Structures are given as C-alpha cells and as structure tokens.
Amino acid sequence: MSWDRQITIKSESELVLMREAGRINAEALAAARAIVAPGVSTADLNAAAEDVLRKYGCYSPFKGYPGPYPYPASTNVSVNYELVHGIPGKRKLKEGDIVSVDCGTVYEGFVGDAAFTAFVGKVSPLAQKLVDTTENALYAGIEKMVVGNHIGDVSAAIQNVAESQGFHVTREYTGHGVGRAMHEGPQLPNYGVPGRGLVLRVGMTIALEPMLLVGTPYTRVLPDQWTVSSADGSLTAHYEHTVAVTENGPLILTTQGDGSIPRRNA
Ligand code: MG
Ligand code: MG
C-alpha cells in the first residue's frame with residue numbers, strides 16, 4: 001500500500017489539544033476495560049466508550065471511516081484471532097478470551113488514537129504471554145521516540161521484543177502519524193532496521209501500534225470486510241498509544257496519567 005500522507009509538526013498549543021483528545025480517549029478506553037467480563041457483549045464495550053465521548057461532546061473518527069462500507073461503530077473490538085478492526089456486535093465474551101478495544105477521539109479538531117488488549121477472566125499462559133509481550137513492545141517503541149532517532153529505531157524495538165518471545169509482527173498494518181486526521185504520515189511499521197527511515201523531530205505525533213500474532217505474520221479479512229484475523233486462526237493482540245516527540249523525551253498523549261512511560265514488570 002502506498003503511503004504519501006502528510007507529516008504535520010504540532011505547535012505547543014496544538015499539543016495541548018492533542019493531549020486533551022488523548023486523555024478523553026483514555027477515559028473512554030478505561031470505561032470499556034472496566035466492564036470486560038464473561039457474558040458482556042462486544043457492543044457493550046463500544047457503548048461504554050461511546051458514553052464517555054458523548055459526555056465530553058466528542059466523537060470517534062472511526063465512525064463512518066471510509067472502507068468497503070462506512071465503518072459502523074466508534075471502536076474496534078477484536079477477540080482472540082481477530083487482530084484489528086473487529087466490528088462490535090452481539091458476540092458475548094467468554095472466560096479465557098482476550099479482547100482488544102481500539103478507540104479514537106476527536107477533540108477541538110485533533111485526534112487521539114489508542115488501544116489495549118484485556119483478559120476475560122482467567123486466560124491461558126500463552127495468551128498472557130502474548131498480551132504482556134505486546135504491551136512491552138509498545139513501551140519499548142515509545143522509549144525510542146526521541147529527537148534525532150529514526151523511525152527504524154522505534155520499529156526495530158517493537159519487532160525485537162515481539163520476536164524475542166517467539167511471536168510474529170504483522171507487515172500488513174502499521175502505526176501512523178496522528179493530528180487533525182487520524183492517519184497522517186509518517187507510517188510506522190512494526191518491523192525495521194535501526195538507523196533507517198525518517199528522523200524524529202519535536203512536534204511529531206505518532207501512533208505506535210504493535211500487532212502481534214502467535215502462529216504467522218499473515219492476516220486475512222473476514223466476510224464482514226472489516227475484521228482482520230490472523231491467517232491461521234491463532235491468537236493475536238494489539239496495543240496502541242499516540243505519542244509526541246518533545247524536547248523532554250516521549251510524551252504519551254493517550255493516557256490519564258502524566259504522559260511518562262509507566263513502570264512495569266519486564
Ligand atoms: Mg487505533
Ligand atoms: Mg491507529
């Protein structure tokens with residue numbers, strides 16, 4: 001797929017608006033995460049996130065997004081073998097599932113874009129390892145979002161964490177610049193070579209989104225024409241944050257926290 005979208009550099013005042021878009025988006029995702037449990041439908045998760053967006057007078061750029069037909073919901077809810085772009089509906093979560101929720105928020109014309117994968121009750125050791133590794137890959141990438149680094153440094157950090165644990169990264173979907181549009185330049189693949197690619201500058205805002213698969217790097221699109229599944233039906237996971245490159249290092253925009261990289265168990 002060609003990718004010739006514009007890269008936009010955000011001013012400090014624009015970053016303030018993007019931070020607020022990201023904070024609201026984080027609240028929406030937290031509301032969805034809070035109700036993840038066996039018996040809850042994927043539409044319920046979408047509704048929980050939507051309620052938060054409505055409270056702030058915001059909307060999701062996912063709704064109506066052009067594709068085979070306009071995307072019909074505010075979030076993507078993808079279960080187990082579904083990697084990304086799952087359409088929320090009547091499907092009920094079961095004990096042992098893993099579910100990813102991806103949400104976007106438009107606030108004052110600026111977009112926040114983030115995703116998590118959560119456990120439904122008790123999950124298998126493999127599912128646990130996959131989800132933990134995907135989150136670790138995200139933060140390893142964020143650590144490289146430093147002025148003067150290259151896109152390849154960020155991509156390679158994500159790839160190394162994933163592959164060191166025996167998982168695959170997709171080649172078919174990538175992270176991306178975020179701003180007034182949900183998808184701007186640059187493209188940020190989940191694989192790469194350190195020192196290669198665009199040099200990061202202050203004011204760039206990029207969504208990093210590791211998408212990991214257990215059995216294969218390949219995907220297929222399900223008959224609903226939106227949902228992307230692993231090609232072999234194996235488990236998948238997805239995490240995402242929108243991150244700004246600043247003079248003081250990476251600033252996570254899509255968080256209810258202070259924007260720093262959280263401490264976590266390696
Ligand atoms: Mg997203
Ligand atoms: Mg994204």
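## Tyr-69 and its aromatic partners

Is Tyr-69 buried, exposed or partly exposed? In this predicted model, Tyr-69 comes out as partly exposed, because its relative accessible area is 29%, and the buried class stops at under 20%.

Searching the whole structure turns up two aromatic pairs. In one of them, Tyr-69 meets Trp-226 with ring centres 6.4 Å apart and planes at 90°, so this is an edge-to-face contact. Tyr-69 sits in the loop between α2 (42–55) and β1 (75–79), while Trp-226 is in the loop between β10 (219–221) and β11 (228–230), 157 residues apart. Trp-226 counts as buried, at 10% relative accessibility.

Tyr-71 also pairs edge-to-face with Trp-226, at 5.1 Å centre to centre and 80° between the planes. Tyr-71 lies in the loop between α2 and β1, so its pairing with Trp-226 ties together parts 155 residues apart in sequence. Tyr-71 and Trp-226 are both buried. Put Tyr-69, Tyr-71 and Trp-226 together and you've got one aromatic cluster.

## The magnesium site

Now for the metals. Magnesium ion (ligand 1) is coordinated at 2.1 to 2.5 Å by Asp-102 (OD), Asp-102 (OD), Asp-113 (OD) and Glu-240 (OE). Along the chain, its donors are spaced as D-x10-D-x126-E. Asp-113 does double duty, bridging the magnesium ion (ligand 1) and the magnesium ion (ligand 2), which lie 3.1 Å apart.

Asp-102 belongs to strand β3 (residues 98–107) and Asp-113 to strand β4 (residues 110–119), 11 residues apart. Asp-102 counts as buried at 7% relative accessibility, and Asp-113 counts as buried at 2%.

## A charge over a ring

One last contact: Arg-171 lies over the face of Tyr-191, 4.8 Å from the ring centre.

Key:
Residues numbered from 1 in each chain as written. Chains lettered and ligands numbered in written order. Predicted model: local features only at pLDDT ≥ 70, side-chain atom pairs only at ≥ 80, totals over all residues. Heavy atoms only, no water. Donors = N, O, S within 2.8 Å, 3.2 Å for Na, K, Ca; no water. Helix = DSSP H or I, 4+ residues; strand = E, 2+ residues; numbered from the N terminus. Buried < 20%, exposed > 50% of the residue type's maximum accessible area, 1.4 Å probe, protein only. Phe/Tyr/Trp six-rings, centres within 6.5 Å; stacked < 30°, edge-to-face > 60°. Lys NZ or Arg CZ within 6 Å of the ring centre and 35° of its normal.
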